[in-house]
Amino acid sequence: MLIFGKRSALGKLYFCFDGELSMEEYLEVGQIVNTVGLKGVLKIIPLTDDITRFDNLEKVYIEKGKELIEFKIQEVKYNKNMVLLKLEGIDDINEAEKYRN
């Protein structure tokens, strides 16, 4: 789903195509629904028809308040129809909980 100037709830994941882009040029790819384990892994409901899209991403953006926070992807795993993401800078469950809905 393309975001056209619309702000969405905490925990949405976005990626952009290249460079400094406005909110209208981000593609919403997932919703953070939970954490997994103690190392800060996030459980994501993918909002894309191609779940393997996450394999090609180097970074994602999490919307928190009115800003998008950039995170480099360290690891992508799949569990049933869910995506498990380990992001750089989110290293424990307490930090991961800040971004979950």
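**Notes on the chain, starting from K86**

1. Let's start at K86. Setting aside neighbours within four places in sequence, K86 is in contact with K39, G40, V41, K72, I73, Q74, E75 and D91. Keep in mind that this is a predicted model. K86 itself sits in strand β6, which covers residues 82-87. Buried or exposed: which is this lysine? K86 is buried, because its relative accessible area is 12% and the cut-off for buried is under 20%.

2. Now the overall layout. The chain has one helix and six strands, and reading along the sequence gives β-β-β-β-β-β-α. Of the 101 residues, 40% are buried. Take the contacts with a separation of 6 or more: 50% of them are between residues 24 or more positions apart. As for the outside, the accessible surface of the chain is about 6,000 Å², and carbon and sulfur atoms own 48% of that.

3. On to strand pairing, with β3 as the one to follow. Strand β2 (residues 26-36) pairs with strand β3 (residues 41-46) in the antiparallel sense, over six bridges. If you want a landmark on that pairing, Q31 stands opposite I45 in β3. The two strands make a hairpin with four residues between them. Within the turn, G37 has a positive phi of about 70°.

4. β3 also pairs with β6, again in the antiparallel sense, this time over three bridges. Here the landmark is L42, which stands opposite L85 in β6. When you look at any of these strands, remember that side chains in a regular strand alternate between the two faces of the sheet.

5. L42 deserves a second look. Which residues touch the most other members of the largest nonpolar core? They are L42 and L87, in a core of 17 residues. Strands β2, β3, β4, β5 and β6 each supply at least two residues of this core. Not counting residues up to four places away in sequence, L42 touches I32, N34, T35, I62, V83, L84, L85, L87, I90 and A96. So L42 touches L85, the residue it stands opposite, and also L87, with which it shares the top spot for core contacts.

6. The aromatics are quick to go through, as a search of the whole structure finds one aromatic pair. The partners are F71 and Y99, with ring centres 5.4 Å apart; their planes are at 80°, so the pair is edge-to-face (the cut-off for that is over 60 degrees). The pair links distant parts of the chain: F71 is in strand β5 (residues 67-79), while Y99 is in the segment after α1 (93-97), and they are 28 residues apart. Both F71 and Y99 are buried.

7. F71 comes up again when you look at K59. K59 lies in strand β4, residues 59-64. The C-alpha atoms of K59 and F71 are separated by 5.5 Å, although the two residues are 12 residues apart along the chain.

8. K59 has a charged partner as well. As general background, side chains of opposite charge can pair when their charged atoms come close. Here the side chains of E70 and K59 meet in a salt bridge at 3.8 Å, N to O. E70 lies in strand β5 and K59 in strand β4, so the pair ties together parts that are 11 residues apart in sequence. How accessible is each partner? E70 has 47% relative accessibility and so counts as partly exposed; K59 is partly exposed too, with a relative accessible area of 36%.

9. The count of salt bridges comes to five, and the one between E70 and K59 is among them. Another joins the side chains of K98 and E95 at 3.1 Å, N to O. K98 is partly exposed, with a relative accessible area of 44%, and E95 counts as partly exposed at 22%. For E95, recall that the buried class is under 20%.

10. One more salt bridge to check: the side chains of R100 and E97 meet at 3.2 Å, N to O. R100 has a relative accessible area of 31% and is partly exposed. E97, at 33% relative accessibility, counts as partly exposed too.

Terms used:
Residues numbered from 1 in each chain as written. Heavy atoms only, no water. Phe/Tyr/Trp six-rings, centres within 6.5 Å; stacked < 30°, edge-to-face > 60°. Buried < 20%, exposed > 50% of the residue type's maximum accessible area, 1.4 Å probe, protein only. Contact = heavy atoms within 4.5 Å. Areas by Shrake-Rupley, 256 points an atom, 1.4 Å probe, with all protein chains shown as cover. Pairing = 2+ DSSP bridges. Salt bridge = Lys/Arg side-chain N within 4 Å of Asp/Glu carboxyl O. Core = buried A, V, L, I, M, F, W, Y, C linked by side-chain atoms within 4.5 Å.
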